[in-house]
Each structure stands twice: as structure tokens, then as C-alpha cells.
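Please look over the sequence and the model shown here before reading on. The report then takes up a metal site, a ligand shell and a helix in turn.

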Amino acid sequence: MCTLCSSPAIISLKRDGTRLCQDHFISYFEAKVEETLLSGGMIAEKERIAVAVSGGKDSTALLFCLYRLLSGREVELVAITVDEGIAGYRDDTIQAAKAIARQLGVKQHMVSFREEYGQSLDRMVVGRHVAPCTYCGVFRKHALNRAARALGADKIATGHNLDDEAQTVMMNYLKGDLERLMRLRPRRAQKGLVPRIKPLRMMPEKEIALYCMVNGIFFQSRECPYASLSLRAEVRDMMNALEGQFPGTKLSTVQGFERIAEVDQARWPQIDLAACKKCGEPCVEEICKACQLLQEIK
Ligand code: SF4
Ligand SMILES: [Zn+2]
Ligand SMILES: [Zn+2]
């Protein structure tokens, strides 16, 4: 039974044991996302928000939830879908992304690695020792920023959830990469770089899947064939095992990092980005990471 009414419960929240029926779960979920939006000052009136929609559950739930939370406000949503070119996987998720954009009447813009970089991810990684996710991550960020800027977007919203955030913190701890860790925190605006927001960063993956189900949102649940080759996959399994045994581990990993970052951030001043000498995208070195990888590939 729901803790707040007499309807049957569909979930018991691990963090405090509260049981919620379908309606109260939807209200709870949307209130939590709204709290994240407000506390991070993520979206202002009259802004155009580019939502990165792959068609997986996180980005699909993100577009749906933002659409509901922002209706009645003067905020415009546009969807950007990146086709990396992953055979047997991306085509299906693109169909799901198209379906949710059509259902909500949100304009969708497609960007593909083939058009942007001359080849698909599948082709880029043939015979290379670098993990496919490295190429994918670098080019996806590059393509998204270019597309969002061309669309005049004020922010890029991505579907990263609590599980992703906890994994990212843990991966960087394991690699000892403090600088990269500190870059996870919101930073001041940089010329040419569309600021990124993560409205689902405090929502566990399981609650996002349930939110999609109870709202009848179609998404693709198939996993990318390259996912198992990454360090992230190992860390994900480890964090899931820990969470099963010690509920709240993912949340405390993220919150613990936030506290460390507040104390230590001054030691990691933000570098001013310059324009890449080849493509003009903002970057730390003379040539951006995407152009460096492109050179290697060619
Ligand atoms: S798992 Fe790796 S290769 Fe697959 S979509 Fe994600 S980042 Fe790209
Ligand atoms: Zn209820
Ligand atoms: Zn470049």
C-alpha cells in the first residue's frame, strides 16, 4: 500500500523505505527533477534548451519530464540525436528518439558521424587499440556542441543519471584523475562552449526506467555492443553490487565527491579555452581532441 494514499504501491524507495503508488511516484520523480533544476539554476525563462536524445531510457525520460515540467513556461525544447554509426544498435534507438520527439511535438535535429567526420564509429575503431567509447565520447561531445550552437541553444541537457555520476566519480578516483573529477562541477561559461546541464543526475537508473514504464514511454533497452569493453562497465557492475549490499552507496559517492570538491576546487582553477586551430571548437590545447583523433584515423 502507498505510504501517502490507499492505492497499491509500485515502488519502495530504497533511501527511506517510502512506498509509492503510480501517481505519487510520478509526482515524487518530477518534484525531485524540478528540485535539481532549481538548485542548480539550470534553466531560465526564454532559454532554448537542446536535449540530447539518443532513444535510450535516460534521454527519453529526460525529454518527457522536461516537457512536462516546463510546459507553461517560456522555454523552448529542441532535440538533438547523434548517430554514431553503430550497426545493430543505433538504428533502433534512433527510431525511439524520433517517436518521443514526434509524440511531444519537439523539433528534432539529426547529426551523424558519417556526415561530420567522414566515417561511422564502427569504421573508426577497426584495428585500433583505443576503446570505442573514447572515440564515441570525444566525437559525440564535439558534434553535440557544434549542433547546439548552430541551433542557438543556451544549454545542452543530457540524460546522465545518478548511476552514471557515481560511476564517473569512481572511475576518476580509480584513475587518480583529480583534474577531470573537478571538471565534473558546473563551471563558468566559456566562449563557444554551450553549457551542459544534467537534470536527472540525482535520479537512480531504476527509477528512470519505472518513470518511462508508468508513463507508457517507448524506449530502446538494448545495450551498445561496445559497452562491455569499457572500464565503465566494470565500475558499473561493482557499484551495482555495492548498492545491493549497502543501499545508498551511489548517492553517498556523489555527495561525498561534492563535499570534497567544495573544499578543494580552488586548487583547480578553470583554464581559459581557445579556439581549435583546425575546426574552431573550444579546446585546451592548440588542436582539439576530436581533430587529434581524426588525424590519427586518417
Ligand atoms: S557504450 Fe561507448 S561506444 Fe557505445 S554508445 Fe556508449 S560511449 Fe558510445
Ligand atoms: Zn499514493
Ligand atoms: Zn578541432
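## Zinc site

In this predicted model, cysteine 2 and cysteine 21 are both buried. Their SG atoms, together with SG of Cys5 and ND1 of His24, coordinate the zinc ion (ligand 2) at 2.1 to 2.4 Å. Cysteine 2 belongs to the segment before β1 (11-12), whereas cysteine 21 sits in the loop between β2 (19-20) and α1 (22-39), so this pair ties together parts that are 19 residues apart in sequence.

The arrangement around the zinc ion (ligand 2) is tetrahedral, because the four donor atoms subtend angles of 101 to 114°. Along the sequence, the spacing of the donor residues follows the pattern C-x2-C-x15-C-x2-H.

## Shell around ligand 1

Ligand 1 is surrounded by Arg90, Leu121, Cys133, Cys136, Arg140, Cys224, Tyr226 and Ala227. Of the residues in this shell, six are nonpolar and two are charged, while none is polar. The element that gives the most to the shell around ligand 1 is α6, with three residues.

## Buried side of helix α12

In helix α12, which spans residues 289-297, the buried residues are Ala290, Cys291, Leu293, Leu294 and Ile297. These residues lie on the same side of α12, because they cover an arc of only 160° around the axis. In general, an α-helix has 3.6 residues a turn, so residues three or four places apart point the same way.

The buried residues of α12 are covered by parts of the chain that include α4 (113-117), α5 (121-124) and α6 (132-150). Helix α6 thus appears in both settings, as it also gives three residues to the shell around ligand 1.

Notes: Residues numbered from 1 in each chain as written. Chains lettered and ligands numbered in written order. Predicted model: local features only at pLDDT ≥ 70, side-chain atom pairs only at ≥ 80, totals over all residues. Heavy atoms only, no water. Buried < 20%, exposed > 50% of the residue type's maximum accessible area, 1.4 Å probe, protein only. Helix = DSSP H or I, 4+ residues; strand = E, 2+ residues; numbered from the N terminus. Arc of directions from axis to C-beta. Contact = heavy atoms within 4.5 Å. Donors = N, O, S within 2.8 Å, 3.2 Å for Na, K, Ca; no water. Tetrahedral: all angles 85-135°; square planar, octahedral: opposite > 155°, others 65-115°. Near = heavy atom within 4 Å. Nonpolar A, V, L, I, M, F, W, Y, C, P; charged D, E, K, R; others polar.
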